[in-house]
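Reader: I'm new to this one and would like to see how the labels are earned. Can we go through a few together?

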Amino acid sequence: MNLNMQIDDIKPISNVANLAPLGFLEIKNVESFLSIAHFFGTTKKRCGIYCLSFATGHFYIGQAIDVVRRFSEHRQNYLDIVGFSFIESSKALLNDREKELIYKAEAMGLKLKNAIHVSSILGDTDLDDVVSPKEQEDWLAAISGQDFIGGECEPKIILPQNQQDRFSKSFDQYLGHPLEKYATSLLKQYISKCIPFPRSTEYSFWSVSCMPSTNVSTWPRLFCVNAASMEIFIVGWVKKTNNLWAFMTVDAEVLSQYWPEPEVFLEHFPSVQFIERGYRDAGQNQITLACDEDARMDLLLADPGVIHAAASLALRVMRKRSNFYMQYHCTQLSNHLFSRSS
């Protein structure tokens, strides 16, 4: 890396995409630099949103309270950073500005290295080591309400005994709940239809908690399915009425291919509401389908459009990163789903 160039000789990069619509009006050539401190000195504010451009034609948009230090961290991991641009922002607005610009960049067709707020991940992922990209593609293309548990009934992982013991009491409580059979049938439908190769990807890329303590005094939960850092499917009951409620997050763009008119969808499923949640790992084009009391989630899980949308969302989230909530995985409940008697 040649660090002998004079600062006055550094020219803006001209052979990259036009980032002006995002507010990045100048992209500085930083190919030879380990630090960008000279762009800021001691007077210019360093808090804001930055954009890195790579020799491969990819981009990364991020936030930093001290962008000089953040750039140096990136440089330790990536030697092919060639361009840098920056927009000042207050600390309070960083999250919103970052999300907004990532959404806009993705809509412009830019190839982003980001993991959060984006709808798809470029390049190889950890999931590819378990389920090949071709298998992922074929699985998603084949979604049509079929039972994908198929030959994956036997567990492929063995967790420590203390992990199993930790949730044995919760699982016993679950089995004794009056809504258990219906809830289990919903969970089995979701896992079998919407999670790719569930026994192979279990724990590392998805998990299910049993009788978690969230909202236990009002709207307690029977189970929660997680992937990456988000909840993707939850079923619970209302404490006062003992009626079931549920929600799952799906790919809004895929859903619209089957149901182009939202009002028609809501007329067909009158107990369902559309809720905007903005999960970071779900990226753009996400929508949460929330079912109120006496909800017929089974009807949703029988609809090909809902299944395809839920499967698309689950796959793209699992491609982003490993499961954050594996320590809450209840193996008893998972094995219960795959048993012949459930």
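Reader: Why does D281 count as buried or exposed, whichever it is?

Author: Keep in mind that this is a predicted model. Buried means under 20% relative accessible area. D281 has 1% relative accessibility, so it counts as buried.

Reader: What makes D281 and R321 a salt bridge?

Author: The cut-off is 4 Å between a side-chain nitrogen of Lys or Arg and a carboxyl oxygen of Asp or Glu. In R321 and D281 the closest N and O atoms are 3.1 Å apart, so the pair fits. R321 sits in the loop between α11 and α12, and D281 in the loop between β9 and β10, so the bridge ties together parts 40 residues apart in sequence.

Reader: And why is R321 called partly exposed?

Author: Partly exposed covers what falls between under 20% and over 50%. R321 comes out at 22% relative accessibility, so that's its label.

Reader: How do you know that D251 and R316 form a salt bridge?

Author: Their closest N and O atoms are 2.8 Å apart, and the limit is 4 Å. D251 lies in strand β8 and R316 in helix α11, so this pair links parts 65 residues apart in sequence. With 7% relative accessibility, D251 counts as buried; R316 is buried too, at 9%.

Reader: What span should helix α2 have, and what do its ends show?

Author: At 1.5 Å a residue, its 14 residues should span 20 Å, and the end C-alpha atoms are 20 Å apart, which agrees. Its buried residues, including L94 and Y103, pack against β2, β3, β4 and β10.

Technical notes:
Residues are numbered from 1 along each chain as its sequence is written. This is a predicted model: local features need pLDDT of at least 70, side-chain atom pairs count only at pLDDT 80 or more; totals for chains, interfaces and linings use all residues. Side-chain values use heavy atoms; hydrogens and water are left out. Helices (H or I, at least four residues) and strands (E, at least two) are DSSP runs, numbered from the N terminus. The expected span of a helix is 1.5 Å times one less than its number of residues. Buried means under 20% relative accessible area, exposed over 50%, partly exposed in between (1.4 Å probe, protein chains only). Contact means heavy atoms within 4.5 Å.
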